[in-house]
Amino acid sequence: ESVSKGNHRHFMSKEIYEQPDTISHTLSNYVNFAERKVQLPQELPFDFAKLSRLTISSCGGSYYAAMIAKYWFEKYARLPVEVDIASEFRYREPPMEKDGLALFVSQSGETADTLAALRYCVSQDQHIASIVNVAESTIARESDVVFPTLCGPEICVASTKATTAQQTVLATLAIAAGKQRGILSDAQEAEMVDALAKLPGAMSKALASEPKIASLDKSLSKAKDVFYLGRGALYPVALEGALKFKEITYIHAEGYAAGELKHGPIALIDEKVPVVVVAPSDALLEKTLSNMHEVAARGGNIILITDEAGAKQAGPDINEIILMPEVHELVQPIVATVPVQLLAYHTAVFMGTDVDQPRNLAKSVTVE
Ligand code: G6P
């Protein structure tokens, strides 16, 4: 293997720490910071203004990046988005309006189900766009337009830097769509580009929560189940956190939309169940905090990921607070991804699992 771990004990830690750089590098390909504008690397073979729907399919962590993007495209571009797991999408044979846009998100560019979903969309006369990390991959080759994530080879099976680079590219595409559709003004675009410019620095600040997160490893390692809660664009971050946690610790973890907890899973909550709440300060914070208090009232052991403003509002019944920097709402999901990566990483290291090569998992799944 030509890529080395450098000073890190695992590739996962190295790749988590590379994120300020990989995001910075990726952004330089998508944003003109001097003009405070999004500038996509490719001419688009379609017009966002003429689309009635965007369809995104992908698998694993790439699917959760796509789920975040649904919130962004709908909010910032008022573009209806359908997002589905590729293995479901491909057999649903969904009806698609001709000349729609189908977008595929894949680190490897080789995932069999994602490729099959792409080929179905070709048969439905869709424009095919992809976000891939491996530029010479099959999915890239079969796309009309490719948006690369420029984060270099990712070795650890559990995806980290590729996921946040995908999120970053998706954010720029949502802004581009918002501009083309006349939803975002120049001033709004400039404000969002400024938020992206600050993103690498914010990722570094999020990494500074590592000692606090590392101190939770022992208690998390004793859990049999861990819940992750979030709302809006932070809901997919909760799903991503649970996925990462179960992949490398082998402890059952489940991501849930904060507002849905009361419709079932709350029955499982007691003092033995850690509940990670991903809730930086935003318009939905109060709602998420109220869900969190419902959990606390049942003895749930709460770990809150929030910013300073959120921590002030949170109240006294929180066991642990992990602070992330206060950032523009657009980039909150990207920044909040860092602490959930570190939670999984430290718990797995404490437990002594094979962090970079977890059992039963493959980096790229090229069979059905
Ligand atoms: C596998 C990997 C995951 C990845 C998923 C999708 O399950 O272990 O880390 O998110 O495939 O892979 P892709 O290459 O399409 O992003």
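Start at the ligand. Sixteen residues surround it, and Gly60, Ser106, Gln107, Ser108 and Thr111 come nearest. By class, the shell holds five nonpolar residues, ten polar ones and one charged one. Helix α3, residues 60–77, supplies the largest share of this shell, with three residues.

A word on confidence. This is a predicted model. The protein averages a pLDDT of 95, and 99% of the residues score at least 70. For the complex, the predictor gives an ipTM of 0.96 and a pTM of 0.97.

Now follow α3 away from the ligand. The helix has 18 residues, which at 1.5 Å a residue should span 26 Å. Its end C-alpha atoms are 25 Å apart, which agrees. Of those 18 residues, 15 are buried, so α3 is largely enclosed by the rest of the structure. Just after the helix, arginine 78 takes a positive phi of about 50°.

Next comes the interior. In soluble globular proteins, nonpolar side chains tend to be buried together. Here the largest nonpolar core has 123 residues, and Ala174 and Val278 have the most contacts inside it. The largest share of this core, eleven residues, comes from α3. Thus α3 contributes the largest share to the ligand shell and to this core. Look at alanine 174 in particular. Leaving out residues up to four places away in sequence, alanine 174 touches Ala69, Trp72, Phe73, Tyr76 and Ala77. An α-helix has 3.6 residues a turn, so residues three or four places apart point the same way.

Turn to some residues with fewer neighbours. Aspartate 194 sits in helix α8, residues 186–197. It counts as partly exposed because it has 13 C-beta neighbours inside 10 Å, and 20 or more would make a residue buried. From aspartate 194 to isoleucine 302 is 108 residues in sequence and 33 Å in space, C-alpha to C-alpha.

Glutamate 93 lies in the loop between α4 (86–92) and β5 (101–106). Its phi is near 50°, a positive value in a residue other than glycine. Glutamate 93 has 10 C-beta neighbours inside 10 Å, so it counts as exposed.

Finish with asparagine 360, in the segment after α15 (332–351). This residue is not a glycine, yet its phi is positive, about 65°. Asparagine 360 counts as exposed because only 6 C-beta neighbours lie inside 10 Å; the cut-off for exposed is 12 or fewer.

Methods. Residues numbered from 1 in each chain as written. Predicted model: local features only at pLDDT ≥ 70, side-chain atom pairs only at ≥ 80, totals over all residues. pLDDT = per-residue confidence, 0-100. Near = placed C-beta within 6 Å. Helix = DSSP H or I, 4+ residues; strand = E, 2+ residues; numbered from the N terminus. Nonpolar A, V, L, I, M, F, W, Y, C, P; charged D, E, K, R; others polar. Expected span 1.5 Å × (residues − 1). Core = buried A, V, L, I, M, F, W, Y, C linked by C-beta atoms within 7 Å. Contact = placed C-beta atoms within 7 Å.
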